[in-house]
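Trainee: Could you take me through one part of this model in detail, starting from a single residue and working outwards?

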Amino acid sequence: MTDTLHILSVGKGGWGGALLLAAGVTFALSVLGFLLGALFGAVAAGGRLSTRALPSWVAKGYGTVFRGVPDLLTIYLLYYGGSIALTEIGKFFGSAGFVGLPTFATGVLAIGIISGAYQAEVYRGAYLAVDLGQFEASKALGLSRFQSLRLVIVPQLMRHALPGLGNVWQLVLKDSALISVIGLVELMRQSQIGAGSMREPFVFYIAAATLYFLIATVTGSVFRYGEARAWRGMVHA
Amino acid sequence: MIDFAFFVEIIPTLLSGLPLTLQLAGLSIGIGFALALLLALAQQGNHRMLVWPIRSFVAVFRGTPLLVQIFLIYYGLGQFRPTLQAVGLWWLFREPYWCAIIALSLNTAAYGSEILRGAIQGVPRGLVEAASAFGMTRLQTLRLVVLPLALRQAIPSYSNEIILMVKGTSLASIVTLMEVTGIAQGLISQTYRAVEVFVAAGAIYLTINFTIISALNTLETWLTPYRVRA
């Protein structure tokens, strides 16, 4: 027991500090990936809602592929595909070895692409849930399309989107652990390193699980608070 | 740019991992569903001693990444080898195959039990009352009224969970199991052709998922004949 406490302590010889720092990397990776995914998701939702065939098809294909293919495969595609391209460019400029992509940026991009495919569905559903009268009213007020979207539709759409976004966020947080396979030292990878060097896998993976659980629980309640705020002054159906 | 000969070469290699992917998915979805149903039913009675441990199990498995769960079971429990040998369970936790199946099953049981719990609670109270007015026992009500309606109601949400599990089997490659994703990763690092391998392996997963989705859609339509079909 005292051994375990010592291993996980924050001070000298303890791994607590490294694990907390790695949890910070996991959190930053997840937040940035989620935000990038919001951008991809919004664009894809726009494509899905478009009456023209091409944007609608492209958006549908994007959603089908990245929601249907294992996330690990997508991560390999981006990391190896990107690194191979980078190595070719490196060769052109006279470098000989394998050039690896920066792992944090690759991780953010991978999470962005994957979560964007899920977020698109959330935004599309939420857009369709906004009352048609709101669109007509903003048109009658003489708002431009962009103005009506920004001032009228999106604030109301977020109300319907928040529960779904909360689910996607939980998915993102857990997906971030997969980024460890390309060597980024986030919480999962740091626990593997600790488990290997101290020969105490059980302690380290329990510690990792606890930290993931804490992040998931705290951020989950932030989403619930946001939801309550978004609905303030409204009568629930 | 697109080299068909290369596809012809890699597709059989990738398909050699398909039986393992299907086994992992099939076994863990099956075991997970049985567990999920048990957990959902056990919570109906509202016995505190039963509900509280189940809720904690569900919260832990839904609140942590599947990869951590697999590592905890495979590497973490490996630390207790003497104890596991003493109780005669070492053969199970020694094999990455069984560890992956245990982790996947427990994970999907946690998510699945929430889906089924909601579906069981969604069965109208009046139907249960009518069944007891008919003189049905609790078991009969469950078997003839509650479960058929709840399971049918749960099909759309449960099919999402099944797709997530099929994708989840790819994590088994991290504990050395050479299923489709594991083979794909090997091929990428041998051939340096990430896009082609991704397309071929992705097509395999999309085919599995489409087959499952259309089978479950057919099942749902068949079970709800009164619904107007668009």
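Mentor: Sure, let's start with B:Met178, which counts as partly exposed because it has 15 C-beta neighbours inside 10 Å; 20 or more would make a residue buried, 12 or fewer exposed, and partly exposed is in between, with C-beta atoms placed from the backbone. Keep in mind that this is a predicted model, where local features need pLDDT of at least 70, side-chain atom pairs count only at pLDDT 80 or more, and totals for chains, interfaces and linings use all residues. Residues are numbered from 1 along each chain as its sequence is written, with chains lettered from A and ligands numbered from 1 in the order in which they are written.

B:Met178 sits in the loop between helix H9 (138–168) and helix H10 (180–191) of chain B; helices here are DSSP runs of H or I, at least four residues, numbered from the N terminus. Setting aside neighbours within four places in sequence, B:Met178 is in contact with B:Gly17, B:Leu20, B:Ser173 and B:Ile183, contact being C-beta atoms, placed from the backbone, within 7 Å. B:Pro225 is 47 residues apart from B:Met178 along the chain, and their C-alpha atoms are separated by 42 Å.

Now for the two chains together: 29 residues of chain A are in contact with 30 residues of chain B. On the chain A side, helix H3 (53–68), helix H4 (71–92), helix H8 (187–198) and helix H9 (201–230) each supply at least two residues, and H9(A) gives the largest share, ten residues. As for contacts across the chains, B:Leu67 touches A:Ala177, A:Leu178 and A:Met188, among others.
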